[in-house]
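Work through the exercises below with the sequence and the model open beside you. Try each task before reading its solution.

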Amino acid sequence: MIDALVVFLEATVRTATPLALAALGETVVERSGVINIGLEGTILAGALASVVGAGMLGVGGGFAGALLAGVITASAFAVFVVTLRADQIVSGTAITLLSLGVTGLLYRGMFGSAGVALTVPTAGPVAIPVLSSIPLVGRPLFVQPVTTYAVYALVPLLALWMYRTHGGLALRAVGENADAATAAGISPSRVRWAALLFGGALGGLSGGSLAIAQVGTFAEGMSAGRGFIAIAIVALGRWSPVGVALAAIVFGAASALQFVAQSLGWAVPYHAFLALPYVLTLLALAGATGRMVPPAGLGRR
Amino acid sequence: MPSGSFARGAARKWGGRVLLVGVLLVGAAVVIVSALSVFAGHDPARVLGALWSGSLGSPYAIFSATLVRATPLILTGLAVALAFTAGVMNVGAEGQLLAGAAAATALGLETRGMSGWLTIPLALIAGAVAGAVWASVPGWLRRRFGVLEVISTIMMNFVALYLVGYLVRGPLQEPLGIYPQSSPLPDTVRLPLLGGTRLHIGFVLALACALGAWWVLRATAAGFRVRVIGANPDAARSAGMIDVGRTMFRTFLLSGALAGLAGAVEVMGVTYSLYENLSPGYGYTAIAVALVGALHPLLTAVSGVFFGALEAGAAAIQRDAGVPSVLATVVEAALILLLLATVAIRARWRRPNPVAVASLISLPAPAGDRS
């Protein structure tokens, strides 16, 4: 039973990692008053770029490729939403659609038709000495790929930056009231561009984490709605880095439940577990929305 | 809702120039396809040739490929157009389509032996109702809890996909239990084909729905309410004559019903059985269909035929020129972005930025800008 619990917790943290990365990036983006529905496409582009990069240059090249792809897709979104002031929802949907098509074309162009399993170098778990030998939580928390440790570092840093620095204040000011921020000498466009680039880098890294640290290969459409789930996680975590990280853990647990169910042989249809994270997203949004206060300028042009 | 202003901008600017825009869009599609072909190392002339012969190059291509593909695109495109007109960002047509397909299949298999005059309408209604029920969940979440429907409808898409995955391996699986698909539908729920082609009567139904939606939006009080809440929900609310929440919810239901109908029509007229990959993303392409159709029901039908031709042609270029058919997805996304950029740039030229104007005359920005 303890073994099953450790396996469950390990899977929870592993599946929560890409969600947390994407959601932390999106937290910054939404704090600037922009909602990036194109995050799904960013994750997908990051996943493909990481596999290509890892195949050519190893794991480091994989993560570099993921970051680059994330920044490129987010820039495309920023051109439409910030520079041209186009509709955020429609632009984001188009970017996701574009990424779905382009990654599909590139993947088939480079690796032939689907069905061939790619083998690339992957970022395996790294055990942290001493900490990893703590009973029960040691393995789940401290025998994980490097991207999980990036999340551990990112949460406090981001919280400090957002609430304790001028940059963080400028970000929040733009999201709450862009006109007031402009009057105070802050350029909302510049802040939003920066926020989107940061969010894109983390979104790309999320895809990279999914592909080369979790699944080990690329498949068309492998992001499977994680970008949208990440947006829900941001709302559930109430736009704060710590809250968002905790919300990501909840979703990781929901996804990890299927491994436990398989190992314990529960007689529940397999598809019910596949659907669980999506149903949970709906429930969480319904339960949390009433008490949430999103950035006042969110989604406005 | 920001989409409302986009739609109005698009509709206003293209009022008398539909043909010109159509020609430009086709031209843009040709340019994008050629560029992608060159980029992917294929001969663009050969790719465009395959695209033409697979979509519009012969009566067979038109009636048995393009219009067959166009049918679910018109119906889901109408679902999206109607929703966007009301400011309801329903991007869940894919899930609503699957729900409709599953319901029509279940009803078709249960009513084996009954008269087709009865079972065909019943199965179509079952599909529409299932689509509406599927859309009612995000509709209710929006109305009761204010949950953003962009996220909830997409979550419902995934739930629908896994629900179909379960159904075709469980309750609806074919009796041998080998393949993850339902038994073939009995003849009594198959839609009649039109004159020796593969085109079924669902295409006529889709056109009728477009006419109906056009008439409702244009000439009825309900249509007026839909347009008003999309144009300015705050004005509608403060005028007090329109229950914004109820109108939005009903729009969700109607939008879902149209998408559900698309699913029913697809199983009853094309696939004749339910399986997971029933829809190659019709519900997502529908967004492009609706936007290119400027959210106008009749133009959406035309746009549905355009994208039907694109997808039929994409299938042909995969078959004949070896270019993956996801090419069509790239073209769709590029066309949406092209439209967005055009509308955004033109809107910027025409309307001065209120903040910039206010700062010129050193006054605070107009408070009315924030709703």
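**Exercise 1. Chain A as a whole**

What percentage of the 301 residues of chain A count as buried? Find this value, then describe the build of the chain.

Solution. The model is predicted, and every value below is computed from it.

Step 1. The buried share of chain A is 56% of its 301 residues.

Step 2. List the elements: chain A holds eleven helices and two strands. Their order along the sequence is α-α-α-β-α-β-α-α-α-α-α-α-α.

Step 3. Test the compactness. The radius of gyration of chain A is 19 Å, and the globule rule gives 19 Å for 301 residues, so chain A is as compact as a globular protein of that length. The C-alpha trace of chain A extends over about 60 × 45 × 40 Å along its principal axes.

Step 4. Look at the contacts in chain A with a separation of 6 or more: 76% of them join residues 24 or more positions apart.

**Exercise 2. Two helices that cross**

Describe how helix H2 (residues 39-83) and helix H9 (residues 226-236) of chain A meet.

Solution.

Step 1. Take the axes. Those of H2(A) and H9(A) come within 7 Å and cross at roughly 130°.

Step 2. Classify the angle. Roughly perpendicular ends at 115 degrees and roughly antiparallel begins over 145, so H2(A) is oblique to H9(A).

Step 3. Give the hand: the crossing of H2(A) past H9(A) is right-handed.

Step 4. Name the residues. From H2(A) come A:Leu39, A:Glu40, A:Thr42 and A:Ile43, and they meet A:Arg226, A:Gly227, A:Phe228, A:Ala230 and A:Ile231 of H9(A).

Step 5. Sort them by class: five are nonpolar, two polar and two charged.

**Exercise 3. Positive phi after a helix**

Where does A:Trp239 lie, and is A:Trp239 buried or exposed? Treat B:Ala294 in the same way.

Solution.

Step 1. A:Trp239 belongs to the loop between H9 and helix H10 (241-264) of chain A. Its phi is near 60°, which is positive although the residue is not glycine.

Step 2. Count neighbours. The cut-off for buried is 20 or more other C-beta atoms within 10 Å. A:Trp239 has 22 C-beta neighbours inside 10 Å, so A:Trp239 is buried.

Step 3. B:Ala294 sits in the loop between H12 and helix H13 (297-320) of chain B, just after H12(B). B:Ala294 also is not glycine and has a positive phi, near 50°.

Step 4. With 24 other C-beta atoms within 10 Å, B:Ala294 is buried.

**Exercise 4. Helix H12 of chain B and the interface**

How many residues of H12(B) are buried, and which elements of chain B supply the side that touches chain A?

Solution.

Step 1. Eleven of the eleven residues of H12(B) are buried, so H12(B) is largely enclosed by the rest of the structure. Among them are B:Tyr282, B:Gly283, B:Thr285 and B:Val292.

Step 2. Count the interface: 41 residues of chain B are in contact with 41 residues of chain A.

Step 3. Find the elements. At least two residues each come from helix H1 (2-14), helix H6 (116-145), helix H7 (149-167), helix H12 (282-292) and helix H14 (327-350) of chain B. H14(B) gives the most, with 13 residues.

Step 4. Sort the residues on this side of chain B by class: 33 are nonpolar, six polar and two charged.

Technical notes:
Residues numbered from 1 in each chain as written. Chains lettered and ligands numbered in written order. Predicted model: local features only at pLDDT ≥ 70, side-chain atom pairs only at ≥ 80, totals over all residues. Contact = placed C-beta atoms within 7 Å. Helix = DSSP H or I, 4+ residues; strand = E, 2+ residues; numbered from the N terminus. Nonpolar A, V, L, I, M, F, W, Y, C, P; charged D, E, K, R; others polar. Buried ≥ 20, exposed ≤ 12 C-beta atoms within 10 Å, placed from the backbone. Rg over C-alpha atoms; globule rule 2.2 N^0.38 Å. Axes fitted to C-alpha atoms, helices over the stretch in contact; angles between N-to-C directions. Parallel < 35°, antiparallel > 145°, perpendicular 65-115°, else oblique. Left-handed = near helix turned anticlockwise from the far one by under 90°.
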